[in-house]
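Please open the model in your viewer and keep the sequence panel beside it. The tour goes from one selection to the next, with a short account of what is found at each stop.

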Amino acid sequence: MSTGRVVQINVAPEGGVPKRPVVAALLTALGVAGDRQLDLKHHGGPDRAVCLFGQECIDALAAEGHPIVPGGAGENLTITGLPWSELQAGDRLAVGEVAVLEISGPAPPCTTIAGSFTGGEFTRISEKLHPGWSRLYARVLTEGLVREGALVRRLPRELGALV
């Protein structure tokens with residue numbers, strides 16, 4: 001079982017990006033309280049309630065010269081310490097004291113986040129083109145309040161179904 005931490009919680013009450021940091025937010029079955037999506041055809045809903053991204057990915061992208069920062073790619077939770085490229089649909093994450101998320105799949109990048117990439121190359125985090133670099137969507141299995149710095153535990157597959 002691997003563990004990490006929530007580096008930053010990001011919301012955009014008006015929608016769009018960048019999402020701005022908040023100290024805490026309620027994760028609900030329909031999304032992150034205080035956050036809004038402008039394009040509900042491609043974002044939000046129960047299977048895309050929370051968008052996750054690894055701080056290590058952000059750091060590596062910044063080292064490549066991209067002007068990316070936490071929240072700039074539209075993620076709700078910026079997380080550090082998890083083996084990002086190993087996470088996949090079906091994996092469950094316990095976030096903070098109560099919340100449990102289940103990864104539903106990669107979050108396809110779109111032009112909205114182009115400002116976080118040199119030359120607008122937002123496809124740099126396309127799962128199809130660069131496996132292991134994508135943001136991830138998750139559904140909320142157990143709602144809960146999450147605070148910046150909260151522990152994130154990747155639950156073992158055999159135990160995940162019990163939560």
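**A strand and its partners**

Begin by selecting strand β5 together with strand β6 (residues 77-80), which run parallel and are joined by 3 bridges; two strands are said to pair if DSSP finds at least two bridges between them. Helices (H or I, at least four residues) and strands (E, at least two) are DSSP runs, numbered from the N terminus. This is a predicted model, in which local features need pLDDT of at least 70 and side-chain atom pairs count only at pLDDT 80 or more, while totals for chains, interfaces and linings use all residues. Residues are numbered from 1 along each chain as its sequence is written, and side-chain values use heavy atoms, with hydrogens and water left out.

Within the pairing of β5 and β6, look for Gly 54, which stands opposite Ile 79 in β6. From β5 the chain crosses through helix α1 (residues 55-63) to β6, and this β-α-β crossover is right-handed, meaning that, with the strands pointing away from the viewer, the path from the first strand over the helix to the second runs clockwise.

Now add strand β9 (residues 135-142), which is joined to β5 by 3 bridges and runs antiparallel to it; here Val 50 stands opposite Ala 138.

Which residues of β5 lie on each of its two faces? Val 50, Leu 52 and Gly 54 are on one side, Cys 51 and Phe 53 are on the other, and all of them are buried (under 20% relative accessible area, with exposed over 50% and partly exposed in between, for a 1.4 Å probe and protein chains only). In a regular strand the side chains alternate between the two faces of the sheet.

**The helix**

Next, select α1 and colour its buried residues, which are Gln 55, Cys 57, Ile 58 and Leu 61. They cover an arc of only 160 degrees around the axis, which puts them on the same side of α1; the arc is that of the directions from the helix axis to the C-beta atoms. These buried residues pack against β1 (3-11), β5 and β6, where contact means heavy atoms within 4.5 Å. Just after α1, stop at Gly 65, which takes a positive phi of about 110 degrees.

**Two rings**

Return to β5 and show the side chains of Phe 53 and Trp 84, both of which are buried. Their ring centres are 6.4 Å apart and their planes stand at 75 degrees, so the pair is edge-to-face; rings of Phe, Tyr and Trp (its six-membered ring) pair if their centres lie within 6.5 Å, and planes under 30 degrees apart count as stacked, over 60 as edge-to-face and the rest as tilted. Because Phe 53 lies in strand β5 and Trp 84 in the loop between β6 and β7 (92-95), the pair ties together parts that are 31 residues apart in sequence.

**Two loop residues**

Select Asn 76, found in the loop between α1 and β6, which is buried with a relative accessible area of 3%. Leaving aside neighbours within four places in sequence, the contacts of Asn 76 include Gln 8, Lys 19, Asp 35 and Val 50.

Finish at Ile 113, placed in the loop between β8 (99-107) and β9, which counts as buried at 3% relative accessibility. The C-alpha atoms of Ile 113 and Val 17 are separated by 6.8 Å, although the two residues are 96 residues apart along the chain.
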